[in-house]
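Trainee: Could you take me through one part of this model closely, and then show me how the two chains meet around it?

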Amino acid sequence: MKEKFTYVWSVIRLPVIAVVFGFLTGAVCIAVTGNNPVVAYIALFRGSLASIPGFGETMYKITPILFTGLAAAISFRCGLFNIGAEGQYVVASVAAIAISWFGQGLPRIFLLALILTAGFCAGGLWGGIAGFLKAKRGINEVISTIMLNWIALYLANYLVRIPLSPNVRAGLSPAGHSVVVPEVAKLTKLKAIVPAFGYSSAHTGIFIALISAVVMWYILFKTTVGYEIRTVGLNAQAAEYGGISKAKNTMLAMFLSGGLAGLGGAVQIIGLVYMVNQSPMLPGYGFTGLSVALVGNSHPLGCIPSALLFGILENGSRQMQLAGIPSEITSIISGVILVFIAGSLVIKLAGDRIKAKWGKRAMRTEQEGL
Amino acid sequence: MTTAIFISLLTSAIRLATPLLLAALAGVYSERSGVVNIALEGIMIAGAFFSIWFTHLTGSAWIGVGAGIVFGVFTSAILAAIAINLKGNQVIAGTAINLLMTALTAFLLEIIWHRSGSTPTAPAMLTTNPLKFLEGIPLLGTFFKQLTPFVYMAFIMVFVAYFTLWKTPWGLHVRAVGEHPRAAETVGIDVYKTRWVCVLISGALAGLAGATLSVGTVGLFREGMVAGKGFIALAALVFGKWHPVKTMLACLFFGLCSAANILAQSFGVNAPTEFLAMIPYIATILVLIGIVGKAQGPKASGEPYEKDEK
């Protein structure tokens, strides 16, 4: 029992320390504004967790970032750095709009399945491009995904402004947003099932996200496919030596990663926002996803509590604003958490190395003693 | 008429290229020494914000620019500490800095001016041509009239960067550290110190790039005003193959794309301008693939260096 606890602690120690430092920094910022940090944090957590509608709001904030978190996690597990979840999310949301609009005559279940598949494939292909470039041309996926993010944004802006614009379809001049998802393709709101959710916009997409997390956990840790992906991530050379193709798994991991981000885009569109607006900026879910994956230790199930934390921060920022505290504090907290993780990932590695060195020295002494 | 349009296109291209150029040169310094700088965006945000704040405080735009540079250096020190001493992941560190600076500037905006969105207009800005005598040149006078001090600084910095990195012993050290730090250390180069200096220079230039956007353009700070320019600068850096002069050409090309885009919109041309906006990114990917010449970055870029403890 104690061993198990020690193990769990060794895994979650870093994220926990990072989160504590994040909240401490946030507390300092709150104090700077002349407010009481304890009161503010109580408002934050009470607003996000204490009532059913409040928790519902947190749930719908969790949905997209759990998807992008899973996307980042699976790429990390293969030793890749997919910071293109943004772009994958964007192309998939446009694909979801297009399918929901052109397929609105189809039976509901069939249409929903089609939209989710299209979202997964659109995101997967967008991620797959980076995977292909990495596997075949050795192009760093960080650079290629950054480029693909912006290409995706402008492509989406074009598609939304012209081919998918309701005005253009009606023969008028272009508008800044796409057609609206038809009623038949919208995900069910939780309040339609459980009236207690009241004003909250939570939708069944959260279950799709949770199921995806479990499926990803199963694939990564219980199947050969996942084993190969993780082996490439741990040591690509050893994997190649053992007959596991680095190129194949790189492409596969980027496809799955992009697919998950894409699923997030599709679910967000048919679950919550129902249209895509023209935008000068990327939505930001992909970057939050990086934080989610890192705090969740790149473990699909670890992403769930981690997404909950970031969901609470996002939802709670409004509660704090109501209490007269600048809402940016929650973003500062997320930023600081990430800074600490970036720095401490390696404090851990250094710690392990020191331990290994001591271990070796102990062994040597033993051998010399013999 | 055509000449006027051509000149306005050219000046607008150069003005749009200026912040990109400064930020891309910032990237050249840090990546040549082996530190990937995804944080350019965040450092530019810091530079844009603090230069406006200090212009408000002191009434002098030049002091504002200095503050932008200083805070750019502070911001890049976070990256340096994580990337060099803590041997952390440079991409995560960069992303973290981008998020942090977006949040921090919005927070300061809120507590200093009690408003969100943008600061009030600063009492001074640097949007006019500092070299008045150039305006007397026939035809080209109107061209020079629209250049800001930042334009001159950016182009001077191209040659400073080229000279320091390619024509001095120190520059050779920097490039050696970025290619093969172990070999560099064997011949007595201090890898950590070289990287620290380069990352701090990078911070100064990116901070200046941020000031270009605020003090040098609109005279105020607006949330989201950097809008991905740090990432376009990264693209220009790759497109320019990590070389200052080629990077300058890349920035001018990207600036021309956006200028053409703006011109097309102002003339009400109903073209899909989104595709013009995509060109820099597509061109960069093509360069990476090797269709338009092969881009090969510094070998050790992005890899933390472990000193040999013997």
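**One helix and its surroundings**

Mentor: Happy to! In this predicted model, the buried residues of α11(B) pack against four helices of chain B: α1 (2-32), α6 (149-166), α10 (229-239) and α12 (273-289). Those buried residues are B:P244, B:T247, B:M248, B:A250, B:C251, B:L252, B:F254, B:G255, B:C257, B:S258 and B:A259. The helix itself covers residues 244-266, so to speak a run of 23 residues. From the first C-alpha to the last, α11(B) reaches 32 Å, close to the 33 Å expected at 1.5 Å a residue. Just after α11(B) comes B:G268, with a positive phi of about 70°.

Now for the other chain. A:I139 sits in the loop between α5 (108-137) and α6 (141-161) of chain A. This residue counts as buried because it has 20 C-beta neighbours inside 10 Å. Leaving aside neighbours within four places in sequence, A:I139 is in contact with A:L133, A:K134 and A:S144, and also with B:L288 and B:I289 of chain B. By contrast, 34 Å separates the C-alpha atoms of A:I139 and A:G311, which are 172 residues apart along the chain.

Let's finish with the contact as a whole, which takes 41 residues from chain A and 38 residues from chain B. On the chain A side, α1 (2-32), α5, α6, α13 (285-295) and α15 (328-369) each supply at least two residues. The largest share, 15 residues, comes from α15(A). By type, the chain A side divides into 32 nonpolar, 7 polar and 2 charged residues.

Key:
Residues are numbered from 1 along each chain as its sequence is written. Chains are lettered from A and ligands numbered from 1 in the order in which they are written. This is a predicted model: local features need pLDDT of at least 70, side-chain atom pairs count only at pLDDT 80 or more; totals for chains, interfaces and linings use all residues. The expected span of a helix is 1.5 Å times one less than its number of residues. A residue is buried if 20 or more other C-beta atoms lie within 10 Å of its own, exposed if 12 or fewer, and partly exposed in between; C-beta atoms are placed from the backbone. Two residues are in contact if their C-beta atoms, placed from the backbone, lie within 7 Å. Ala, Val, Leu, Ile, Met, Phe, Trp, Tyr, Cys and Pro count as nonpolar, Asp, Glu, Lys and Arg as charged, and the others, Gly among them, as polar.
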